[in-house]
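Please look over the sequence and the model below before reading on. The paragraphs after it go through the helices, their packing and their aromatic rings in turn.

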Amino acid sequence: MISNSCMYSLDGILVFGLLFVCTCAYFKKVPRLKTWLLSEKKGVWGVFYKAAVIGTRLHAAVAIACVVMAFYVLFIK
């Protein structure tokens, strides 16, 4: 019988989300990447724009979350 194991872990999804937000915030600072990737504000490509806005407006909270997640991944997990 196949056991019902979790396919994705919550901490992996959180790490991916934090890295995605940080990467999009970095893309917003690079002019060529900003015009290429962050020009659309709606639709599928709008996710990149929205993540960049979250990363720039909540930069202190995102930085603290990155430090806490790094501590968790390195020492607790």
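What follows is a guided reading of this model, with each term given its cut-offs where it appears.

The model is predicted, so local features need pLDDT of at least 70 and side-chain atom pairs count only at pLDDT 80 or more, while totals for chains, interfaces and linings use all residues. Residues are numbered from 1 along each chain as its sequence is written, and side-chain values use heavy atoms, with hydrogens and water left out.

A convenient place to begin is Val-21, which lies in helix α1, residues 10-29; helices here are DSSP runs of H or I with at least four residues, numbered from the N terminus. Val-21 is buried, with a relative accessible area of 14%, where buried means under 20% relative accessible area, exposed over 50% and partly exposed in between, for a 1.4 Å probe and protein chains only. Leaving aside neighbours within four places in sequence, Val-21 is in contact with Ala-51, Ile-54, Gly-55 and Val-62, contact being heavy atoms within 4.5 Å. Asp-11 is also found in helix α1, and this residue is buried at a relative accessible area of 12%. Not counting residues up to four places away in sequence, Asp-11 touches Met-69, Tyr-72 and Lys-77.

Helix α3 covers residues 46-57, and its twelve residues should span 16 Å at 1.5 Å a residue, which agrees with the 16 Å between its end C-alpha atoms; the expected span is 1.5 Å times one less than the number of residues. Within α3, Gly-46, Ala-51, Ala-52, Val-53 and Gly-55 are buried, and the buried residues of this helix pack against α1 and α4 (59-76).

How, then, are the two helices α1 and α3 placed relative to each other? Their axes come within 7 Å and cross at roughly 90°, with axes taken as lines fitted to C-alpha atoms, for helices over the stretch in contact, and angles running from 0 to 180 degrees between N-to-C directions. That makes α1 roughly perpendicular to α3, because angles of 65 to 115 degrees count as roughly perpendicular, those under 35 as roughly parallel, those over 145 as roughly antiparallel and the rest as oblique. On the α1 side the contact is made by Phe-20, Val-21, Cys-24, Ala-25 and Lys-28, and on the α3 side the residues include Val-47, Phe-48 and Ala-51. The residues of this contact of α1 with α3 divide into ten nonpolar, two polar and one charged.

Aromatic rings also take part, and a search of the whole structure finds five aromatic pairs. In one pair, the rings of Phe-20 and Phe-48 have their centres 5.4 Å apart and their planes at 50°, so the pair is tilted; rings of Phe, Tyr and Trp (its six-membered ring) pair if their centres lie within 6.5 Å, and planes under 30 degrees apart count as stacked, over 60 as edge-to-face and the rest as tilted. Since Phe-20 lies in helix α1 and Phe-48 in helix α3, the pair ties together parts that are 28 residues apart in sequence. Phe-20 is partly exposed at 23% relative accessibility, and Phe-48 is partly exposed with a relative accessible area of 22%. Phe-16, Phe-20, Trp-45 and Phe-48 form one aromatic cluster.

How values were computed. Ala, Val, Leu, Ile, Met, Phe, Trp, Tyr, Cys and Pro count as nonpolar, Asp, Glu, Lys and Arg as charged, and the others, Gly among them, as polar.
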